[in-house]
Amino acid sequence: MDDYSKKISERMWNQPDKGELEAEREQTFIDDIVQKAHIERELLQSLDGVETAFDGGAGCGRFSVLLAKKGIRVTHFDISQPMIDKAKEIAEREGVTDKITFVKGALEDLSAYSDDSFDLVMSFDSPISYTYPNQEKVIGELVRIARKRILISVSSRLGSLPYLANPIQKNQFILDKNSKDPWVQWCLTAREQMIEGFAFNKDNLLKAYDSGLLDNIEDTKKAYDQGDAPWCISYHFMPDELESILKKFGVKDIKMAGPGAFARTIPNELLVKIMNDPEQREAFLEFCHMYDSNPYVCGMGKDNLFAKGIL
Ligand SMILES: C[S@@+](CC[C@H](N)C(=O)[O-])C[C@H]1O[C@@H](n2cnc3c(N)ncnc32)[C@H](O)[C@@H]1O
């Protein structure tokens with residue numbers, strides 16, 4: 001099983017177009033804008049005394065490049081070569097390649113790094129969740145290599161369950177209906193068919209609520225064995241569960257948030273209007289950050305549960 005998660009992630013994220021598509025996410029989907037803006041604000045408030053950082057599952061460099069531009073030496077660690085290639089391209093464009101060390105590797109093995117190696121350790125938008133069933137061990141390892149601060153975001157169980165009861169939920173967040181992104185075009189063309197084929201299934205929801213797994217693992221493994229590149233097996237955390245794991249590994253002053261909790265209450269037409277007006281957009285993202293940081297709403301972030309703490 002352990003091996004399956006890693007193999008599936010590797011195949012999925014190593015598809016050649018992955019880096020390009022991921023780099024354009026914030027031109028495509030509003031929930032991604034809100035989530036990344038939340039993390040950016042958190043990171044920029046956490047840099048006091050930070051000279052080195054580790055980014056686990058760093059993707060195309062959304063946050064590794066940001067920290068490099070602030071003069072921090074960053075280890076950009078990811079399982080996917082297309083992601084690393086895209087990140088290198090962006091780092092070059094931003095003139096910060098000398099600040100970043102690119103490493104291709106899996107979070108399941110961080111033995112190359114000794115204790116307290118980095119002032120700040122981060123891992124955003126679910127790489128930890130993709131290491132199921134090793135997610136708890138991976139969090140322990142990320143804490144082990146951190147000296148001062150840890151900031152992570154993982155898949156959220158309470159936040160993701162509505163997916164199962166709303167197969168068209170991503171449509172709410174499409175920024176540009178003319179985007180060439182295949183996911184945008186799929187959301188638009190498959191909408192009616194998804195509604196037609198939909199039936200509320202309480203048992204499915206309860207199963208996911210109890211297990212933290214939205215998909216059937218056996219089906220995912222079978223698809224992988226047949227040569228497909230299915231979506232990763234992803235473990236979805238409850239807020240109290242994530243907090244107690246971090247506490248167990250000695251993280252203190254833990255603060256949690258649910259990026260997207262406020263935005264998900266607003267219909268697409270209004271979200272698009274806000275995003276297309278720079279002044280409203282800035283004010284909206286600032287308000288979202290404040291609202292989504294309220295611990296009472298953290299479970300209802302869009303798909304991610306954010307946590308930060310100190311060592
Ligand atoms: C949704 S992207 C997030 C990228 C970046 N952290 C961000 O927030 O923009 C998830 C990333 O995790 C990486 N990933 C998935 N499984 C991984 C694993 N087991 N070890 C390391 N990286 C992994 C993928 O290649 C991908 O780049």
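**Exercise 1. Determine what share of the chain is buried, and judge how compact the chain is.**

Solution. Buried residues, meaning those with 20 or more other C-beta atoms (placed from the backbone) within 10 Å of their own, make up 42% of the 311 residues in the chain. This is a predicted model, in which local features need pLDDT of at least 70 and side-chain atom pairs count only at pLDDT 80 or more, while totals for chains, interfaces and linings use all residues. Residues are numbered from 1 along each chain as its sequence is written. Next, take the secondary structure, which comes to 14 helices and seven strands, counted as DSSP runs (H or I of at least four residues for helices, E of at least two for strands) numbered from the N terminus. The radius of gyration, taken over C-alpha atoms, is then compared with the globule rule of 2.2 Å times the number of residues to the power 0.38; the chain has 19 Å, close to the 19 Å that the rule gives for 311 residues, so it is as compact as a globular protein of that length.

**Exercise 2. Describe how helix α4 packs against helix α14.**

Solution. Two packed helices are described by the angle between their axes and the distance between the axes. The axes, lines fitted to C-alpha atoms over the stretch in contact, with angles from 0 to 180 degrees between N-to-C directions, come within 10 Å for α4 (residues 30-44) and α14 (residues 278-292) and cross at roughly 75°. Since 65 to 115 degrees counts as roughly perpendicular, α4 and α14 are therefore roughly perpendicular to each other.

Conventions
Parallel < 35°, antiparallel > 145°, perpendicular 65-115°, else oblique. Buried ≥ 20, exposed ≤ 12 C-beta atoms within 10 Å, placed from the backbone.
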